[in-house]
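Thanks for sharing this one. Here are some notes to read with the coordinates open, beginning with a loop in chain A and then moving outward.

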Amino acid sequence: MANIDINAAGQSQLFIGNEAIARGALEAGIGFASAYPGTPSSEIIGSLAEVAKKQNIYVEWSVNEAVALEAAAAASYAGLRSLAAMKMNGLNVASDFLATIVLSGIGKKGLVLMVGDDPAAHSSSNEEDSRAVSKWLDIPMVEPGDFQEAKDMMKWLYELSEEIGSICMLRSVTRVAHARGNVRLGEIPATEHKARFENILDPRNTMPTSIMTIPTPLRHAFQHMKLDKARARFEESSFNRYVGPEKPDLLIITCGSGWLYAQDAVNTLKLESRVGILKLGTIWPLPENLVKKCLARADKVLFLEETDPFLEATIMEYSSSLSLESRRNIFYGKHTRHINAFGELTPDAVIKAIAAVLDIKYEVRDAAYVKKIEAVPQDYIMERMLTFCPGCPHRASYWSIKNALMMDGRGGFVTGDIGCYSMALGPAGFFMNRTHQCMGAGSGLANGFGQLWRFGFDQPVIAVCGDSTFYHSIMPALVNGVHNRANFVLVIFDNGATAMTGFQPHPGTELTAMGEPAQQISMEAICQAIGARVEICDPFDLKATTATLLDLLEQEQGARVAIMRRPCELVRSKKEKPPYKVKIDPEKCLGDDCGCNRLCSRVFRCPALVWDPVAGKTRIDEVICSGCGVCVDICPEGAISKEEVVLA
Amino acid sequence: MKKLYKDPVNLIVSGVGGQGNVMVSLVLGNALVAGGYFITIGETYGASQRGGSVMSHVRISSEKQFSPLIAEGQGDIIVGMEPVETLRMLKQFGNMNVVTIVNPRPIHAVDLIGSGAGAYPDLPKLLGQIKDLSAKTYVVHATDEAQKMGNPMLANMILIGALLKTGLLPLDETALDTVIKEMFPKAVAPNIKALKAGMELVSILR
């Protein structure tokens, strides 16, 4: 990660959008930041944590997004500018508190909620547009269109939050949050943070009442007044701008990633004299006067935005309130299928949409080159399916789960969760996971399946989760399962990190976000205290793990737990050398004559096991082999061997 | 600030997850931002450590910030860390003027029963296709050279050295030395050695 507190005001740095947001928070003088990791938002807290001690701020990875937002709110009440960050799904977790802090208000210092949306679900299990939440819950929201704005908006949002006395939201999408670009830095102020919560009986109290949502309708009305104030600021904001001719043939209205795509497309199509772009940075409430002025510029209007048609619907709704003579626009966008209402925007989709609306022909490449491309044999560009890394404990864990369920023979299955192990939906984990929804869902489902024995259901159920997920959202499901005697096995993949999102610490790890010693919470102690039988397995010991799982499956007395404990290979390999040198004896490997159907390279599928079509045997790719040695135990001919690496 | 041979220059770094794609784009990006250019980098997500195809789009301009994704057929330079991935990029982003630097060391795809995914194309034919789709191709044996140096990951810096020597980017050795010192303070010497090795490999090809 980049050094976000570099003392270089006025200079340009190459930052990802999230680093720019974190820098903006520093330039705003925040004192407190909390989050649960989730792509594409994790680098905000990650980069703040690295500089927290030096900047004298507090930064934490919270157990989940609800706690993160509540903790940040407390800091605002005690007089610190504070930040909560999360991905779109985290917003769902935190939304109950969010709905009420809108009414109860914030403290004297600003509170900003940053939400990272993931159009196309690059690293998510759904697509979701957080802008809808700002409208739903009456929260002012902005969205940066590039990296510079990501920083500048963040800083400005604290001023707005304090001026109107409301939590404010910054929404960012993957192609801004995770892309890199130039950011010209400002000063980081020297802030002396002093926290104090003013008690209602304290004569120094300036806060008139306790923090509460009642009288509710009245406070709801206050929030609408705050939105009106925000709207007035938005009308004048330099984050909104129009570029293009006075009277264009086409007006593009866009925000977020669409801003850069729109400019590129106009440039590619050489339409600078025909197309104007209204770029909105302030999203909700809508700066109506500005929009009205721009709608008068052109008849045709095309909306470019990710993910839902939010501006499209909001502006079309607004335009219906205009006088009849000013209602002249023809609107294009997702509702006319010029742009998909799913997936992410791409430069190609934007070029295509503009060309279609203006009825222009655009040749991507000349015919001779296209012909050459078409001549490339299809099978030269094979598909690369995602899989677990070489040496990943999940591959070994799923090998044992698969074998235990097969030996058990009653048609058992796995209910999945969210993490690297979601890949067990496919061949990486032998198609074991049969459900894939949100964090905690697999264990909740297992609670239901686990009660169906009374209706003739006789299949064993294994719910899986990661270690970070266990603390985030599994504990209530396990309490429910043990209390109600639901019949299932919970498998926790404890790899010692929140691996999917970049190895953040969690309540079970040794250090806090700021690198200070943490009170480690033992997951086995929690499970035992709840009253579950708990077994701890080394997933690399395939035989013992399979036997333990079989025993747990047979027990059938309420919820019970197996913890698969092995560090994430990406973490281990940074600290240690490979433990083994793994070799394949070409004399012993029988290749296709074996009858194993290339068990190692086509079923176990570690990327380091490579089929050599010339020799007709499997070999090890030494550049990527991690030396875990697990494959030694899967070869039916014993052709794979491991030798301990002796460190010189 | 040196003038670019076109504006923007659209550079694509492609490879397989875990090869160090992001690192290559970041080294180039940091050096170019220090030189006063606008840089935008977009990447593939999710596949980065998991054996999938990965690419980074680097847009270089002396005028403005471009979007993080390159449109179809608009690639100017392709730095391929793996041959199949290089061809994949040419198919989507190539055109009559594209210049390609390719590391010919294959990384096999993980096989699956019944999929045939494991079959790797004949390497000379594959390189032939790459040359056919490029205005100019530099075949740089970066992994072989890096393994001689004792660390296959140095292939990345060798490819950066090769790109530097083509003269297509407004970068010199000093600019890259500075970035290497900032980004890899614990491994300055091997990285600078790899950079020079890449430059020499291209000199021979010329």
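1. Let's begin in the loop of chain A that runs between β20 (580-584) and α20, where N597(A) sits. Please keep in mind that this is a predicted model. N597(A) is not a glycine, yet its phi is positive, at about 65°. A residue counts as exposed here if 12 or fewer other C-beta atoms lie within 10 Å of its own; N597(A) has 11 such neighbours, so it is classed as exposed.

2. R598(A) belongs to the loop between β20 and α20 of chain A as well. Its phi is positive too, at about 55°, and again the residue is not a glycine. Is R598(A) buried or exposed? The cut-off for buried is 20 or more C-beta neighbours within 10 Å, and R598(A) has 21 of them, so it counts as buried. As background for both points, most residues other than glycine have a negative phi.

3. Two peptide bonds in chain A also deserve a look. The bond from I214(A) to P215(A) is cis, with omega near 0°, and P215(A) lies in the loop between β8 and α8 (216-236) of chain A. The bond from W284(A) to P285(A) is cis as well, with omega near 0°. P285(A) is placed in the loop that links β12 to α10 (288-295) of chain A. For context, most peptide bonds are trans.

4. Strand β12 brings us to the sheet. Which strands make it up, and in what order? Seven strands of chain A form an open sheet with mixed pairing, ordered β3-β2-β4-β5-β7-β6-β12. The edges are β3 (58-61) and β12 (282-284) of chain A, each of which pairs on one side only. Strands of a sheet pair through backbone hydrogen bonds, either parallel or antiparallel.

5. For a closer view of one pairing, take β2 (residues 32-35) and β4 (residues 82-87) of chain A: these strands run parallel and are joined by four bridges. One handy marker is A33(A), whose bridge partner in β4(A) is L83(A). Helix α1 (residues 17-27) of chain A packs on the sheet, where it touches β2, β4, β5 (111-117) and β7 (168-173) of chain A. The direction of α1 makes about 160° with that of β7(A).

6. A helix pair in chain A is worth displaying too. Helix α3 (residues 65-77) of chain A packs against helix α4 (residues 88-104) of chain A at an angle of about 35°, and their axes are 7 Å apart. The crossing of α3(A) and α4(A) is right-handed. On the α3(A) side the contact residues are E65(A), A66(A), L69(A), E70(A) and A73(A). They meet G90(A), V93(A), A94(A), D96(A), F97(A), L98(A) and I101(A) of α4(A). By class, the residues of this contact are eight nonpolar, one polar and three charged.

7. Now the whole of chain A. Its secondary structure comprises 20 helices and 23 strands. The radius of gyration of chain A is 28 Å, close to the 26 Å given by the globule rule for 648 residues, so chain A is as compact as a globular protein of that length. Its C-alpha atoms fill a box of roughly 80 × 80 × 60 Å along the principal axes. Buried residues account for 52% of the chain. Of the contacts in chain A with a separation of 6 or more, 79% are between residues 24 or more positions apart.

8. Chain B has seven helices and six strands, and along the sequence they follow the pattern β-α-β-β-β-α-β-α-β-α-α-α-α. Its radius of gyration of 16 Å agrees with the value near 17 Å for a compact globule of 206 residues. The C-alpha atoms of chain B fill a box of roughly 55 × 40 × 35 Å along the principal axes, and 57% of its residues count as buried.

9. Finally, the interface. How many residues does each chain bring to the contact? Chain A contributes 51 residues and chain B 47 residues. Among the elements of chain A that give two or more residues are β1 (12-16), α12 (347-358), α13 (367-374) and β21 (609-612). The largest share on the chain A side, four residues, comes from α9(A). By class, that side has 24 nonpolar, 13 polar and 14 charged residues.

How values were computed: Residues numbered from 1 in each chain as written. Chains lettered and ligands numbered in written order. Predicted model: local features only at pLDDT ≥ 70, side-chain atom pairs only at ≥ 80, totals over all residues. Axes fitted to C-alpha atoms, helices over the stretch in contact; angles between N-to-C directions. Left-handed = near helix turned anticlockwise from the far one by under 90°. Contact = placed C-beta atoms within 7 Å. Nonpolar A, V, L, I, M, F, W, Y, C, P; charged D, E, K, R; others polar. Pairing = 2+ DSSP bridges. Rg over C-alpha atoms; globule rule 2.2 N^0.38 Å.
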